[in-house]
Amino acid sequence: MPNRIVFGAHGTNFGRGNTFGERHRAYYRARAAGGCGMIVTEALTVHPLDWPYEHVPFGHTDAIVPALSALADAVRAAGPRCLLLAQLNHWGGQSSGKLLRQSPWAPSATVEVASRRMARPLEPGQIDEVLAGFAAAAARVAEAGLDGVELNAGQYALLRQFLSPLTNLRRDAWGGALENRLRLPLAVVRTVRAALGPQRVLGLKLCGDELAPWGGLGVADAVAIARALLAAGGLDYLSVQIGGPYSAHVTEAGMPVPQAHAAHLAQAVREGTGAAVPVFAEGRLEAPAVAEGVLAQGQADAAVMT
């Protein structure tokens, strides 16, 4: 990266035909010309039974390959070299059931707070489908020539839902103790790394605190999860996010919330893992001076300014 500014993944709904088009290319080309060090695209789906919003890019179809390749060409022609990654995600129980007219998949039959919709628990064979979907989507990103992939295990993510006792109520090998709740995220990291090969970047967005102290993931859990993921090998960075199913308003916080309000979580993960890989901070990092302060204080290695 030429600098420590990350333009992070977020929904745009710019797509037509559930792929990346000219509006996407103009949008990301402008950010590359502005000089950021890394761009992570709007998240791609990894399975056809996950359709969270109308124009989400479908990472589970081959049509995404030429669209991503054209996006990469546009970004690289914009000016200073920045890394271009695609985020991969399965929205799980936080997806919308409206477009598919069926309840979304999730670790357990829990009610999503925002939609008030009951999710369907994934069967073991369906978990295998999701795992294969992550690998296939990663292979498409690599074929398109991007620099790598970011996995979402933060807000709006099935991987976080498997990690969290709030949403993973399973009593089989995929639930219960943290060792079991880690099985799917660990498997996804391994299979995506194999699909990408050794030369491309593989990052992961991690929930640092669900802000649900009665039973959700907290800072100590985030550190333990980060250690386990890094011990398995394959990850090149962690990006630490705040918020869970009951606190999406804090993940995407408004102006009354102080800037850098979640930087302490990145610091905890960075210190708890011995800075084994770069750790990114995110959450209302808007003023350059604030972002520079987060880096200067050693809270993070890069600032996600989205």
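Which residues does L166 touch, not counting residues up to four places away in sequence? The list is T110, E210, A212, W214, G215, G216, P245 and Y246. The model behind that list is predicted. L166 sits in the loop between α4 and α5 (178-181). With 16% relative accessibility, L166 counts as buried, because the cut-off for burial is under 20%. Sequence distance and spatial distance can be set side by side here. L166 and G148 are 18 residues apart in sequence, and their C-alpha atoms are 31 Å apart in space.

Now step back to the whole chain. Its secondary structure comes to 10 helices and 10 strands. The C-alpha atoms fill a box of roughly 50 × 45 × 40 Å along the principal axes. What radius of gyration would a compact globule with 306 residues have? The expected value is near 19 Å, and the chain has 18 Å, so the two agree. Of the 306 residues, 58% count as buried. Contacts are counted here at a separation of 6 or more. Residues 24 or more positions apart account for 71% of those contacts.

The surface comes next. The chain exposes about 12000 Å². Carbon and sulfur atoms supply 54% of that area. Charge is also simple to summarise. The chain has 26 positive and 25 negative charges. The mean positions of the two sets are 3 Å apart.

Inside, nonpolar residues are the topic. In soluble globular proteins, nonpolar side chains tend to be buried together. The largest nonpolar core here has 77 residues. L88 and L151 have the most contacts inside this core. Helix α3, residues 124-144, gives the most to the core, with eight residues. A second, separate core has 10 residues, including V40, Y237, F280 and A302.

L88 deserves a closer look. Leaving out residues up to four places away in sequence, L88 touches L44, V46, F134, A137, A138, V141, V149, E150, L151 and N152. L151, the other residue named for its contacts inside the core, is thus itself one of the residues that L88 touches.

Helix α4 offers a polar case. Q161 lies in this helix, which spans residues 158-163. Is Q161 buried or exposed? Q161 is buried, because its relative accessible area is 3%. Neighbours within four places in sequence aside, Q161 is in contact with W91, G92, G93, Q94, A106, P107, Y156, T167 and N168.

Finally, turn to the backbone. Most residues other than glycine have a negative phi. Which way does N13 go? N13 is not a glycine, yet its phi is positive, at about 60°. This residue lies in the loop between β1 (5-7) and α1 (22-34). At 33% relative accessibility, N13 counts as partly exposed.

R116 also has a positive phi of about 60°, although R116 is not a glycine. The loop between β4 (105-106) and β5 (120-121) holds R116. Its relative accessibility is 69%, so R116 counts as exposed.

Note on methods
Residues are numbered from 1 along each chain as its sequence is written. This is a predicted model: local features need pLDDT of at least 70, side-chain atom pairs count only at pLDDT 80 or more; totals for chains, interfaces and linings use all residues. Side-chain values use heavy atoms; hydrogens and water are left out. Helices (H or I, at least four residues) and strands (E, at least two) are DSSP runs, numbered from the N terminus. The radius of gyration is taken over C-alpha atoms; the globule rule is 2.2 Å times the number of residues to the power 0.38. Buried means under 20% relative accessible area, exposed over 50%, partly exposed in between (1.4 Å probe, protein chains only). Contact means heavy atoms within 4.5 Å. Accessible areas come from the Shrake-Rupley method with a 1.4 Å probe; for residues, only the protein chains shown count as cover. Lys and Arg count as positive and Asp and Glu as negative; His and the chain ends are not counted. The place of a charge is taken as NZ of Lys, CZ of Arg, CG of Asp or CD of Glu. A nonpolar core is a set of buried Ala, Val, Leu, Ile, Met, Phe, Trp, Tyr and Cys residues joined through side-chain atoms within 4.5 Å.
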